[in-house]
Amino acid sequence: MTAEVWPITDTFAAEIGDVDLSKPLSGDDWQVIEDAFNTYSVLVFPDQRLKQDEHVAFARRFGPIDMSMIADMDAGDLRVAPEIADVSNLTLEGEVMDADNRMIEFQRANRLWHTDSSFKPTPANASLLYMQAIPPVGGLTDFADMRAAWDALDDGLKVKIEGKVALHSIATSRAKMGFEMTPDENAAYPRVPQVMVRTHRASGRKSIYIASHVGEIVDMPEKETLALVDALMAHATQRQFVYTHRWRLNDLVIWDNKCTLHRGRDFDDLRWPRDAQRATSLDIGPTCEQEGIAVPLAAE
Ligand code: OGA
Ligand code: MN
């Protein structure tokens with residue numbers, strides 16, 4: 001059997017069946033998966049049984065591993081391998097975090113629309129989120145199609161953002177949710193420049209590239225920046241561009257951070273365990289470099 005693609009929506013999300021990701025992939029299976037990843041942006045692999053090293057090994061097929069920033073934070077010992085971002089609400093002992101655990105606020109910022117690691121010079125390519133415990137209600141994940149959102153953007157806004165560079169910082173999105181970075185964490189993650197319109201290599205299609213991490217647009221006054229980012233977000237996350245995933249235990253969901261936004265939806269995170277683990281691959285380089293745009297500002 002070769003891996004099979006079962007579309008969930010016409011162009012944005014698909015399920016992939018008849019493949020066991022814990023085993024080495026055949027060349028044919030990889031080809032099906034890579035083509036599906038480039039055509040769709042969100043792939044759902046139901047009922048996978050992955051050890052952490054198998055999860056990371058599959059992520060490596062999409063690029064070098066993007067190490068979790070949580071390993072660099074004042075967050076105590078890690079529950080998972082450092083190649084995996086722990087996006088759960090669980091302590092080292094596997095208990096649901098208390099309200100005063102600083103990492104619970106950090107995790108809650110995932111409920112703002114974002115694309116992974118756009119606050120790092122080289123941002124994420126694919127994210128592979130593996131679900132090991134699900135709350136009985138809530139905790140869905142929304143994905144928004146930034147290629148479709150670009151196609152539907154009005155010409156005035158297209159002209160306004162093409163060639164523009166935004167500054168992304170993890171401190172910006174965390175501040176919106178009341179999470180305070182330490183001085184050391186801030187020093188480790190200065191704001192970085194990213195283009196606002198990208199070209200998707202495999203499909204040649206353009207996409208909007210923004211996130212809740214954006215605090216500034218180069219050569220634009222602050223007031224205008226906030227209004228523009230709000231307008232773009234409102235446009236880009238309209239229902240017709242969004243696929244909402246309702247998790248099943250042992251789902252592995254992969255998304256293309258180059259051309260999507262995502263957000264975790266609310267759930268009672270002081271009550272229900274939700275054990276989500278993400279292995280992430282890096283893109284090929286900073287987006288300004290990829291688009292041939294001179295970096296207008298040192299990332300500091
Ligand atoms: C992530 C993320 C959202 C969720 O893993 O990068 O944003 O629903 N997750 O867990
Ligand atoms: Mn994320």
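Biologist: Why is Asp116 called buried in this model?

Modeller: This is a predicted model, and in it Asp116 has 3% relative accessibility. Buried means under 20%, so Asp116 counts as buried.

Biologist: Why is His114 called buried too?

Modeller: The reasoning runs along similar lines. His114 has a relative accessible area of 4%, and the cut-off is under 20%, so His114 is buried.

Biologist: What makes His114, Asp116 and His262 donors of the manganese ion (ligand 2)?

Modeller: The atoms are NE2 of His114, OD of Asp116 and NE2 of His262, at 2.1 to 2.2 Å. Donors are N, O and S atoms within 2.8 Å of the metal, so these atoms qualify. In sequence, the donor residues follow the spacing H-x1-D-x145-H.

Biologist: Let's turn to His245. Why is His245 called buried?

Modeller: His245 has a relative accessible area of 2%. Buried requires a value under 20%, so His245 is buried. His245 sits in strand β12, residues 242-245.

Biologist: How do you know that the side chains of His245 and Tyr243 make a polar contact?

Modeller: The two side chains are paired at 2.7 Å. A polar contact needs N or O atoms within 3.5 Å, so this pair counts. Beyond four places in sequence, His245 is in contact with residues including Val44, Leu140 and Asp251.

Biologist: Which residues touch the most other members of the largest nonpolar core?

Modeller: Those are Ile33, Leu43, Phe45, Phe58 and Ile254, in a core of 27 residues. Helix α1 gives the most to this core, with 4 residues.

Note on methods
Residues numbered from 1 in each chain as written. Chains lettered and ligands numbered in written order. Predicted model: local features only at pLDDT ≥ 70, side-chain atom pairs only at ≥ 80, totals over all residues. Heavy atoms only, no water. Helix = DSSP H or I, 4+ residues; strand = E, 2+ residues; numbered from the N terminus. Buried < 20%, exposed > 50% of the residue type's maximum accessible area, 1.4 Å probe, protein only. Polar contact = N/O pair within 3.5 Å; in protein donor to acceptor, adjacent residues only side chain to side chain. Contact = heavy atoms within 4.5 Å. Donors = N, O, S within 2.8 Å, 3.2 Å for Na, K, Ca; no water. Core = buried A, V, L, I, M, F, W, Y, C linked by side-chain atoms within 4.5 Å.
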